[in-house]
Amino acid sequence: ISNKSIVSTEWIDKAGIVIHHRGPDNFSSWVSKEKKVAFGHNRLSIIDLSNDGNQPMFSTCSNYVIIFNGELYNYKNLRKELIGKGLSFKSRTDTEVLLNSYKYWGESCLQKLEGMFAFAIYDKKKNIILLARDKAGEKPLYLYYGLNSLSFCSELKGLLENPKINKILSRKSLAQFLHQGYVSGNDSLIRNIKKLKPGQYLKYDLSNGNILIKKYFFIQSQEKNMNDYPEENILNSLINLFDKSIKNQLNADVPVGVLLSGGIDSSLITAFASQNKNRLNTYTFLNN
């Protein structure tokens with residue numbers, strides 16, 4: 001994206017090939033009429049397997065365009081609420097639910113989303129791009145700030161297809177990665193590539209190139225005496241929350257599977273999931 005005219009978008013198609021494994025079911029790219037916005041998307045079809053779910057996806061009014069990586073667990077409830085407010089849908093995807101959520105609530109829709117996501121929305125009316133990452137940071141979002149431009153991708157190696165990026169390794173980040181297995185903060189292994197932090201959104205103004213990064217999610221401090229809550233009530237609340245969370249993550253138009261690690265956590269997930277899914281595939285790996 002740029003507040004000037006984009007000269008070339010060839011690298012986006014190349015990036016699509018490099019990260020083909022993230023979405024092998026469809027690749028599409030799109031460039032805005034003013035040539036200030038270029039989107040590319042690899043789709044992994046999970047909900048609504050028809051072509052109506054392909055991205056970049058346009059709103060019915062054509063004022064909004066989205067590319068979305070992830071899954072909304074509460075999309076059915078949001079869809080029902082939005083239909084009640086008069087919005088229409090052409091697909092059954094959670095992508096369109098997210099798009100219409102932004103159309104109706106604007107950036108405050110982020111407070112309503114439950115799931116894992118990284119997405120970009122082009123708002124033609126406000127002439128801005130909104131990028132956002134989920135609260136826990138399950139889905140990555142890498143950023144490169146160029147002259148009068150901003151490039152982004154779900155994977156570092158996809159973004160490195162941009163010929164404007166100098167591929168200079170950050171020694172500080174490499175040391176962090178070798179020590180702790182990840183790079184903390186908003187840095188990455190490449191010196192001039194950053195990450196959007198969990199629970200943050202970024203707004204890019206296409207009229208002047210101004211960038212605003214803001215945190216939309218905060219963990220509220222709750223200083224309460226646990227003695228005021230009987231152990232049985234706490235346990236029942238935990239079971240109900242766990243069951244609800246697992247049930248919301250089983251929405252799919254393709255077979256659902258669970259990777260069994262042999263530990264308590266994956267066994268619990270499988271036990272709860274099997275109560276809500278008629279057929280559940282399980283997988284594990286044996287180390288001979």
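How many residues does α3 have, and how far does α3 reach from its first C-alpha to its last? The legends below start with that helix and then move around this predicted model.

**View 1. Helix α3 is largely enclosed by the rest of the structure.**
Counting along the helix gives 12 residues, and the reach from the first C-alpha to the last is 16 Å, close to the 16 Å expected at 1.5 Å a residue. Of those 12 residues, 10 are buried, so the helix has the rest of the structure around most of it. If you would like to find them in the view, look for D94, T95, E96, V97, L98, L99, N100, S101, Y102 and W105. The cover over these buried residues includes strands β3 (57–58), β4, β5 (115–123) and β6 (128–133), together with helix α2. Just after α3 comes G106, with a positive phi of about 70°. W105 deserves another look, since K112 lies over its face, at 4.5 Å from the ring centre.

**View 2. Helix α2 has buried residues on one side and exposed ones on the other.**
Which residues of α2 (residues 75–84) are buried? They are Y75, L78 and L82. These residues cover an arc of only 60° around the axis, which puts them on the same side of α2. The spacing fits a simple rule of thumb. An α-helix has 3.6 residues a turn, so residues three or four places apart point the same way. Turn to the other side of α2 and you meet N77, K80 and G84, which are exposed. What do the buried residues of α2 pack against? Their partners are β4 (64–72) and α3 (94–105). Just after the helix, G86 takes a positive phi of about 100°. In this view you can also pick out R79, whose charged end sits over the ring of F89, 4.6 Å from the centre of that ring.

**View 3. Strands β8, β7 and β9 form an open sheet.**
Three names are enough to follow this sheet: its 3 strands come in the order β8-β7-β9, with antiparallel pairing. The edge strands are β8 and β9 (194–195), and each of them pairs on one side only. As a reminder of what holds such an arrangement together, strands of a sheet pair through backbone hydrogen bonds, either parallel or antiparallel. How many bridges join β7 to β9? There are 2, and these strands run antiparallel. To find your place between them, look for L143, which stands opposite K194 in β9.

**View 4. A hairpin joins β7 to β8.**
Here β7 (residues 142–146) and β8 pair in the antiparallel sense over 5 bridges. A handy landmark is Y144, which stands opposite S151 in β8. The hairpin has 2 residues between its strands, and N148 in the turn has a positive phi of about 60°. Is strand β8 (residues 149–153) mostly covered or mostly uncovered? It is mostly covered, with 5 of its 5 residues buried. Both faces take part: S149, S151 and C153 are buried on one side, while L150 and F152 are buried on the other.

**View 5. W30 belongs to an aromatic cluster.**
Searching the whole structure turns up 8 aromatic pairs. One of them is formed by W30 and F58, an edge-to-face pair at 5.5 Å centre to centre with 80° between the planes. This pair links distant parts of the chain, with W30 in strand β1 (residues 26–31) and F58 in strand β3, 28 residues apart. W30 is buried, at a relative accessible area of 17%, whereas F58 is partly exposed, at 27%. W30 and Y122 make another pair: their ring centres are 6.0 Å apart and their planes at 40°, so the pair is tilted. It too links distant parts of the chain, since Y122 lies in strand β5, 92 residues from W30 in strand β1. Both W30 and Y122 are buried. Which residues make up the cluster? W30, F39, F58, Y122 and F152 form it.

**View 6. S173 is a buried residue of helix α5.**
The last close-up takes us to α5 (residues 171–180), where S173 is found. With a relative accessibility of 3%, S173 counts as buried. Which residues is S173 in contact with, leaving aside its neighbours within four places in sequence? They are V183, D187, S188 and L189.

Methods: Residues numbered from 1 in each chain as written. Predicted model: local features only at pLDDT ≥ 70, side-chain atom pairs only at ≥ 80, totals over all residues. Heavy atoms only, no water. Buried < 20%, exposed > 50% of the residue type's maximum accessible area, 1.4 Å probe, protein only. Helix = DSSP H or I, 4+ residues; strand = E, 2+ residues; numbered from the N terminus. Pairing = 2+ DSSP bridges. Arc of directions from axis to C-beta. Contact = heavy atoms within 4.5 Å. Expected span 1.5 Å × (residues − 1). Phe/Tyr/Trp six-rings, centres within 6.5 Å; stacked < 30°, edge-to-face > 60°. Lys NZ or Arg CZ within 6 Å of the ring centre and 35° of its normal.
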